[in-house]
Amino acid sequence: MRFTYLLLLILFQNLILKVAAQASDVNYDETKVGTYTLPDPLLLPSGKKVRSATEWTQQQRPRVLQLFAENVYGKMPGRTTDLFFKTRSIDSFALDGKAIRKQVRIYFSKQDTTASMDVLLYLPKKRPGKVPVFIGLNFAGNQTVSSDPRIFLSNRWIADDAAYKTVNHQATEASRGIQAQRWPVDTLIANGYGLATAYYGDLEPDYPEGWKTGIRSSLQTTLHIKPEEWSAIGAWAWGLSRMMDYLESEPNVNAHQIILTGHSRLGKAALWAAANDTRFAMVVSNESGEGGAALARRWYGETIERINTTFPHWFVAKYKSYNNHPEKLPVDQHMLLALIAPRPLYVASAQDDQWSDPKGEFLSAKNAEPVYALFGKKGLGISEMPAVNHPVGAEIRYHMRSGKHDMNLYDWTHYIQFADAYFKK
Ligand code: GTR
């Protein structure tokens, strides 16, 4: 009796300690951030520094990319050789006649036709010739992007989040257009841009065992890669490159003007995709946070340990070895941003999204500047955080919007302006 009591007491105490430790692992106090030293993206293993764009591209870039593959996101396989596209529907009078809407299924392999992704593409009719296109994955199926009833409902597993209006992990009619605010198709079309999106769950459903029914399982023989050699983020990023393959085949799309966007976890996937695939001409990271744009070494908001605990499938197993030791990581996220150079990059945060660490995202962008400078490209132009709703920078741009974790019209308006600076006729 006494023994049981003691045992229970010990167990209870352990539980209290655990909860306390968990509560204290997340910091929101700027005075407690402490000091940290970021790895220098220009430092070669020889101890010398990269001095030219050529040295960066030929020596350092492949090395840094490899370090991210080994320690964070896993290997990135190439495209399947028997990939093919099937148009499921075309509507030349979408959005009151202002756009062409196409729905295309990308089949990754002739061997297994369940491995596929559904692309929803809108192209503006008023802009002649090949048009620039914003692309990005969505969280809950293409039907959530617009209330247009002709968009095919996703038949994949979708998280049963109340906001997604799913029933038993399946999309419902009620889910049409529920994320339309995140995807301002009309505004994009009016500004002469196309939009291509696909549901990230087509690649891998987002839960720890999701790899079993996603491409990491179904394509392992075709791609010669074991599921544990890459990650969920890797699979989503791979899918973005397959969307790019499709867009290259689309006669009305300017494949040299593809603007890759991603919000939150899908922002992480977008950055990793762009690091691997230089065909993406411009990149937008919207509140990608930990494992995305935010510095891992800065102790503020989400931590490596937190992300690995809640989402053990997002990164490779080795990333867990940095749980309480971000200082041991041979890279930090400014180096991921540096892999985007010299392409225009927009990093955006939201003021009420402290979990993503806005300042850590700003500093990450700041510390990618030396690599952009090798190409003669300008960065943020300031070294302190700008005021809220005050975008700054040139080839690397940054803003912290007021409001919560989201991707809204304020964000898109600035992304469109950023794209206009490069792609406007
Ligand atoms: C959070 C996660 C973040 C971010 C976010 C999202 O729960 O901790 O890293 O990815 O989800 O994707 O909405």
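Helices (H or I, at least four residues) and strands (E, at least two) are DSSP runs, numbered from the N terminus. This is a predicted model: local features need pLDDT of at least 70, side-chain atom pairs count only at pLDDT 80 or more, and totals for chains, interfaces and linings use all residues. Residues are numbered from 1 along each chain as its sequence is written, and side-chain values use heavy atoms, with hydrogens and water left out.

**Exercise 1. Place asparagine 254: which element holds it, and is it buried or exposed?**

Step 1. Start with the element: asparagine 254 sits in strand S6.

Step 2. Now check the accessibility. Buried means under 20% relative accessible area, exposed over 50%, and partly exposed in between (1.4 Å probe, protein chains only). Asparagine 254 has 16%, so it counts as buried.

Step 3. Look for partners, where contact means heavy atoms within 4.5 Å. Setting aside residues up to four places away in sequence, asparagine 254 touches Lys130, Val131 and Pro132.

**Exercise 2. Do the same for tyrosine 200: where is it, and what is it in contact with?**

Step 1. Tyrosine 200 belongs to the loop between strand S5 (194-199) and helix H5 (215-218).

Step 2. Its relative accessible area is 5%, so tyrosine 200 is buried.

Step 3. Skip neighbours within four places in sequence, and tyrosine 200 is in contact with Leu137, Asn138, Phe139, Asp206, Trp236, Arg265 and Leu266.

Step 4. Try a distance too: tyrosine 200 and methionine 117 are 83 residues apart in sequence, with 8.5 Å from C-alpha to C-alpha.

**Exercise 3. Work out how H8 crosses H7 and how H8 crosses H2.**

Step 1. Get the geometry straight. Axes are lines fitted to C-alpha atoms, for helices over the stretch in contact, and angles run from 0 to 180 degrees between N-to-C directions. A crossing is left-handed if the near helix is turned anticlockwise from the far one by less than a right angle, and right-handed if clockwise.

Step 2. Take helix H7 (residues 232-248) and H8: their axes come within 8 Å and cross at roughly 65 degrees. This crossing is right-handed. On the H7 side you'll find Ile233, Gly234, Trp236, Ala237 and Leu240, and they meet Leu266, Lys268, Ala269, Ala270, Trp272 and Ala273 of H8.

Step 3. Sort them by class. Ala, Val, Leu, Ile, Met, Phe, Trp, Tyr, Cys and Pro count as nonpolar, Asp, Glu, Lys and Arg as charged, and the others, Gly among them, as polar. The contact of H7 with H8 has nine nonpolar, one polar and one charged residues.

Step 4. Turn to helix H2 (residues 53-73) and helix H8 (residues 265-276), whose axes come within 11 Å and cross at roughly 145 degrees. The crossing of H2 and H8 is left-handed. Arg61, Leu65, Phe68, Ala69 and Tyr73 of H2 meet Trp272, Ala274, Ala275 and Asn276 of H8. Here the classes come out as seven nonpolar, one polar and one charged.

**Exercise 4. Find the backbone oddities: which peptide bond is cis, and which residues have a positive phi?**

Step 1. Recall the usual picture: most residues other than glycine have a negative phi, and most peptide bonds are trans.

Step 2. The cis bond runs from alanine 341 to proline 342, with omega near 0 degrees. Proline 342 is in the loop between helix H10 (333-338) and strand S8 (345-350).

Step 3. Lysine 165 has a positive phi, near 55 degrees. You'll find lysine 165 in the loop between strand S4 (131-138) and helix H4 (185-190), and at 42% relative accessibility it counts as partly exposed.

Step 4. Glutamate 287 has a phi near 50 degrees, again a positive value. Its loop lies between strand S7 (282-286) and helix H9 (304-310). At 0% relative accessibility, glutamate 287 counts as buried.

**Exercise 5. Explore the largest cavity: how much space lies in it, and which residues line it?**

Step 1. On a 1 Å grid over the protein atoms alone, a cavity is a set of points where a 1.4 Å probe fits but cannot get out; lining residues have an atom within 4 Å of a point. Grid points are joined across faces, edges and corners, and a volume is the space filled by probe spheres set on the points.

Step 2. The largest cavity holds about 80 Å³ of space.

Step 3. Its lining includes Leu137, Asn138, Phe139, Trp183, His263 and Trp412. S4 and strand S6 (253-263) each supply at least two lining residues.

How values were computed. On a 1 Å grid over the protein atoms alone, a cavity is a set of points where a 1.4 Å probe fits but cannot get out, and a pocket is an open set with protein on both sides within 12 Å along at least five of seven lines; lining residues have an atom within 4 Å of a point.
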